[in-house]
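Grab a coffee and open the viewer. Here are a few exercises on side-chain geometry, each with a worked solution.

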Amino acid sequence: MLFRPPDIQFCWLDRIAFLLLLFVVLFRALMQCQLSAFADSAMWPMAGLLLLGLGAVLAQPYEAQNWSVFAAKWVVPFSLFHVAGFVFKDATSVRRFETFALVVLAYLCLIAIFFLIGAKDLIFPRYILDEGLGIHADRARGPFLQAVANGLTLNMLALIALDSFRRRRLRGVLALLFLTALPVAILATQTRAVWLSFAGCIVALLFVSSSRRVRGACLCIIVAGGVALLTALSFEDANASLGARLEERSPMEFRWVMYRTGLEMFLEKPLMGWSADELQPELAMRISDFHQKDFFFHNTYLEIAVQHGVLGLGLYLWLVIGLLRLGSRRRPHVRSAAGAFMDDQFRSFWPALVGVYLLNAAFVVMNYQFVNGLLFTIAGMLAAQNRLPDTELQGSPS
């Protein structure tokens, strides 16, 4: 999902690999008589949203893009939530997941910094620089080909890295590089929603975190971010680019029109929403100031409300509550058998991680497969840990 080739001819490889993964995990669960774990109450609303999305995509003429978006929004996160509960069950596997997250964070930071300083020969894979693929070719968009997806991933992985720093797994030179490189990478995305969510998250942790190491790390990130911003403003090209992003009004005007139009459409059909085949023609008829092939709401909640009405919006709110409740179960003086990464204090990071996701969802539609997969994989790990009886969680004090 991280290095997914953008060429449509390779999509069938994704599907085969994903279905093979599901088959292996399901077969293993069947052999171990663990299928009851698939009925997690936190995913009941997601199952409802998946069915609503399936009905919408079946009502449209077949297009590979529609099915890819449906999979990225609902199928992949729903599946990985359950897969994670079976795969990441012991300390070794969870530690490997944490290592993977830190490696991906380092890679994304490097790619963003290379883009910011103009070292494009070092950017890999090369399709990131192809202006004919995706959007935001003028920003640090990473392999996702979308700057918001890149920045949101950086923000979520940064919270995992802060927890690693708290437990002293990330320390020394690596910790110093992380604290200084992260704000530069966030700055390079040149995306206001990413800047806002990152700044809000770091400032909030600075005041509410119970860990002195986390508070110190947040303070260092703020200082490094300030230095990076002042340094960037001292270069004429970077200053002009950042200034243009802050002063740019056209995207905000377009989004305001989409928000207003979407609200009007929701109020006209609040119960069941608009069918997929009438949505785009209706938007094209109502919006005369902007001429586009397809219209997007740039807001996850608004899109769900317009497409699925009060039912869909209620299910999504139920899903959000379920996600937040996954990290609310505290077990003081107990270290999880799943490893230190999922200890009790990590659960204090979980609301911040979900909050970052939800804040960005107010500015974009969450069609990002890797982002959704990452969030729901961690959610599945927490759910699996919550299902373990206390007798299986006893260990050394955390």
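**Exercise 1. Place Trp67 and Phe70, then work out how their rings pair.**

Step 1: Both Trp67 and Phe70 sit in helix α3 (residues 64-87), 3 residues apart, or about one turn of the helix. Helices here are DSSP runs (H or I, at least four residues), numbered from the N terminus.

Before going on, a word on the ground rules. This is a predicted model, where local features need pLDDT of at least 70 and side-chain atom pairs count only at pLDDT 80 or more, while totals for chains, interfaces and linings use all residues. Residues are numbered from 1 along each chain as its sequence is written, and side-chain values use heavy atoms, with hydrogens and water left out.

Step 2: Check the exposure. Trp67 is partly exposed, at 29% relative accessibility, whereas Phe70 is buried at 8%. Buried means under 20% relative accessible area, exposed means over 50%, and partly exposed is in between (1.4 Å probe, protein chains only).

Step 3: Look at the other aromatic pair to be solved here. The whole structure has 5 aromatic pairs, and one of them is Phe23 with Phe27, which is stacked at 6.1 Å centre to centre with 20° between the planes. The cut-offs: rings of Phe, Tyr and Trp (its six-membered ring) pair if their centres lie within 6.5 Å, and planes under 30 degrees apart are stacked, over 60 edge-to-face, the rest tilted. Phe23 and Phe27 are 4 residues apart in helix α1 (residues 11-31), so about one helical turn separates them. Phe23 is exposed at 53%; Phe27 is partly exposed at 44%.

Step 4: Now back to Trp67 and Phe70, whose pair is edge-to-face: 5.9 Å centre to centre, 85° between the planes.

**Exercise 2. Which residue forms a salt bridge with Glu98?**

Step 1: Set the rule. A salt bridge is a side-chain nitrogen of Lys or Arg within 4 Å of a carboxyl oxygen of Asp or Glu. That gives a count of 10 salt bridges.

Step 2: Find the partner. Glu98 bridges to Arg167, with the closest N and O atoms 2.3 Å apart. Glu98 lies in helix α4 and Arg167 in the loop between α5 and α6 (172-188), so the pair ties together parts that are 69 residues apart in sequence. Glu98 and Arg167 are both buried.

Step 3: Follow Arg167 onward. Arg167 also forms a salt bridge with Asp163, at 3.1 Å between the closest N and O atoms, and Asp163 is buried too.

**Exercise 3. Which helices does the salt bridge between Glu264 and Arg286 tie together?**

Step 1: The closest N and O atoms of Glu264 and Arg286 are 3.9 Å apart.

Step 2: Glu264 is in helix α10 (residues 250-268) and Arg286 in helix α11 (residues 276-286), so the bridge links parts 22 residues apart in sequence.

Step 3: Glu264 is partly exposed at 38%, and Arg286 is partly exposed at 25%.

**Exercise 4. Is Ser209 buried or exposed, and what does its side chain reach?**

Step 1: Ser209 is in the loop between α7 (192-208) and α8 (212-233).

Step 2: At 12% relative accessibility, Ser209 counts as buried.

Step 3: The Ser209 side chain reaches the backbone nitrogen of Ser211 at 3.2 Å.

Step 4: Setting aside neighbours within four places in sequence, Ser209 is in contact (heavy atoms within 4.5 Å) with Ala204, Val214 and Arg215.

Notes. Helix = DSSP H or I, 4+ residues; strand = E, 2+ residues; numbered from the N terminus. Polar contact = N/O pair within 3.5 Å; in protein donor to acceptor, adjacent residues only side chain to side chain.
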